[in-house]
Amino acid sequence: MKKGKMKRRNFLKLIAGLIPITAFTTLTKAFKAGESGKSYVMVVDVNKCIGCGKCVIACKTENGVPMELPLSRTWIEGYSVEEKIPISESEVKKKVLSTSENPFLDKDWIEDTKNLKTFYVPKLCNHCINAPCVNVCPVYARFYTRDGIVLVDKETCIGCKYCIVACPYGATFLHPEQGVTDKCTFCYHRIERGLQPACVLACPTGARVFGDINDENSEVSKLVRGNKVSVLKPEEGTFPRVLYIGLDSYVVE
Amino acid sequence: MGDNLRKLEVIAGLVLVILILIGGLGVLQMHTQPVMPIEPFESAVGIPWRTLVAVYVFFVVSTTGLCIVASLGEVFGFTKLEPIVKEGLLMALVTILIGLMTIGLEIEQVTRGYYAMIGHVNAKSVMFWMIMFYVLYVVFLIVEMWFYFYDDLLEQRKSEGLRGLVARILTIPKATDTKDFARVIGFITVFTAIVAHSNLGALFGVNYLPFWHGPLLPVYFILSAIVSGAALTVIGAYLTDLIRGVKIEGERYEAIQMLRLVLGFSLVVTIFFTAWKLVVKAYPNSTLLSREGVEVFLSGNFAFNFWVMEVLIGLLIPLILLAVPQTGRKAGGVFAASLLTIIGIFFLRIDLVMGGLVPKLITGLRFPSPVYHPFELMATAGFFALAIFLYYIGYKLLPMEVEG
């Protein structure tokens, strides 16, 4: 009987001890974000995107994502819309470019979308300020850097895929070779050295602009001041760091 | 008769071992070959949580339910249920062990699984709390079972062979008033089980996916646990007696009739819950995402699973079998109802996990159907075979048949 009592008391102690420890580590880690005084954002001008897919190829090459698999840190969605009233009756067709093969050059796509409104929306990890993936990760493999970027610690990730489930943007995926989750880092290894992300450099029309929003003279600051910008799924309250210019209402997610 | 039973036992054992080996091969294949590329899932490919997560949810739902049902008899004074407490506890232990094993092998980095408990802790993650509570639950359950079986283990010390050895090892620590203590620990165990299980519900419910999102999902999980627990206890007790060649009568029959009541009542509540959940989420005033999320079940790729497997086989037919006196008053009728319920619950888990993820797709891409990967099906067969095998071994080694 004594033995049993001891055991039970120990378990209760274990639970009681864990709560303050975990709460403390969570808080200290969360406050690190934004410490550097920099706040990186990407501004994507939808009107400028021509759906060429150079950003996808540049990103996959730079970050070692298998080229031929349809998973990518950044991808382009091509929309064709036949508008009707009510708006929900409109016929929206969508294709995704996430490999080096460009579906928008496909004859069928060109035929199907003739005389319709078409546009391309480049997408990537939104580096949310309230990131669902950081919230749900059971092992803290997802974290905010001091400049607000959301990164994956691949040494810690256990591959439970909860982040893939939680991400409202579908921006994270399982790297088939590494067995851990992978996503856009804004090319953190490059921006640390003052370079631009690979996709930004590769874009022939300058549809993607990257920079520090806290710096008033940066190009992103000027773009945000001079344009109407919006984010994807604002109702989720994730506060994305990827801002769009000219986003159409048919882009529901 | 005895010889035939013996032969049957050997054949069944061989089949189980083969299935376990197939399951092992499936797990090995899963981790050496990429399983992912199946269907477009926004930028990511394939549905991230598939059959094995559903199997995990199935097993942990079962363990919670079995624990609740056993506790009704052991802790909460439903004396009619006492004759099935031992089977319930053993099945609860087996199902939680298999459940944890399933999820432990499902994650991509199997060797890092313990990170979630030590060193890398995110207290904001519901998954972390679920893991903590389930691990606590396993420990409590083992302690509870030890106290509950203690008196009978003392009796079993005299037996020869492995049974006696097991009893002698397990009774090395001395204890008194074990049944009272088992009751106290049993209360803590069932409390932990329910907390852990509602955490699992919250794990799905916190995500803004229409089919999951909401505060009622954890409550629904507990409800469906009671359904699973009652049905599995009936199946376990019925099959055990069938294989032993014992006719179900007396207090064991009374226990099954009590479970008929528990199962029938919880099925009725589940039917209401399911119906209103669908109506609310499919109502024209709900968001487009919510309506699309439910459409998958009403008329989309999961419609067969939902209408036939979940509603017809899992809810309506069992309820009729239980309600009609001609079948409900027979142990076999309750068993049939329980079996159908469990089949329904299994599909309910698959639909909940995979079907819930479907509306993550963007408008314009087709909704994926349920994904059953061959390796994962192999693993699933293996896990179920292992569960039966472990139950059999546990039954043979523990003092299950001694009157408590």
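This passage walks through a sheet and two domains in chain A, and then a pair of helices in chain B, of a predicted model.

A good place to begin is the open sheet of chain A, which is built from four strands in the order β9-β1-β11-β10, with mixed pairing. At its edges lie β9 (208–212) and β10 (229–230) of chain A, each of which pairs on one side only. Strand β1 of chain A, covering residues 40–45, runs antiparallel to β9(A) and is joined to it by five bridges. Within this pairing, Val43(A) has Val209(A) of β9(A) as its bridge partner. Helix α8 of chain A (residues 219–226) packs on the sheet, where it touches β1, β9, β10 and β11 (242–245) of chain A. The direction of this helix makes about 110° with that of β9(A).

Turning to the domains, chain A is divided into domain 1 (2–35 + 129–168) and domain 2 (40–125 + 183–245). Each domain of chain A brings 12 residues to the contact between them. On the domain 1 side, strand β6 of chain A (residues 150–152) gives the most, with three residues. By class, that side of domain 1 of chain A comprises eight nonpolar residues, three polar and one charged.

In chain B, helices α8 (residues 251–282) and α9 (residues 288–298) pack with their axes 8 Å apart, at an angle of about 135°. Because angles from 115 to 145 degrees count as oblique, α8(B) is oblique to α9(B). Leu278(B), Lys281(B) and Ala282(B) of α8(B) meet Ser290(B), Arg291(B), Gly293(B), Val294(B) and Leu298(B) of α9(B). This contact of α8(B) with α9(B) has four nonpolar, two polar and two charged residues.

Key: Residues numbered from 1 in each chain as written. Chains lettered and ligands numbered in written order. Predicted model: local features only at pLDDT ≥ 70, side-chain atom pairs only at ≥ 80, totals over all residues. Pairing = 2+ DSSP bridges. Helix = DSSP H or I, 4+ residues; strand = E, 2+ residues; numbered from the N terminus. Contact = placed C-beta atoms within 7 Å. Axes fitted to C-alpha atoms, helices over the stretch in contact; angles between N-to-C directions. Domains from an automatic or database assignment. Nonpolar A, V, L, I, M, F, W, Y, C, P; charged D, E, K, R; others polar. Parallel < 35°, antiparallel > 145°, perpendicular 65-115°, else oblique.
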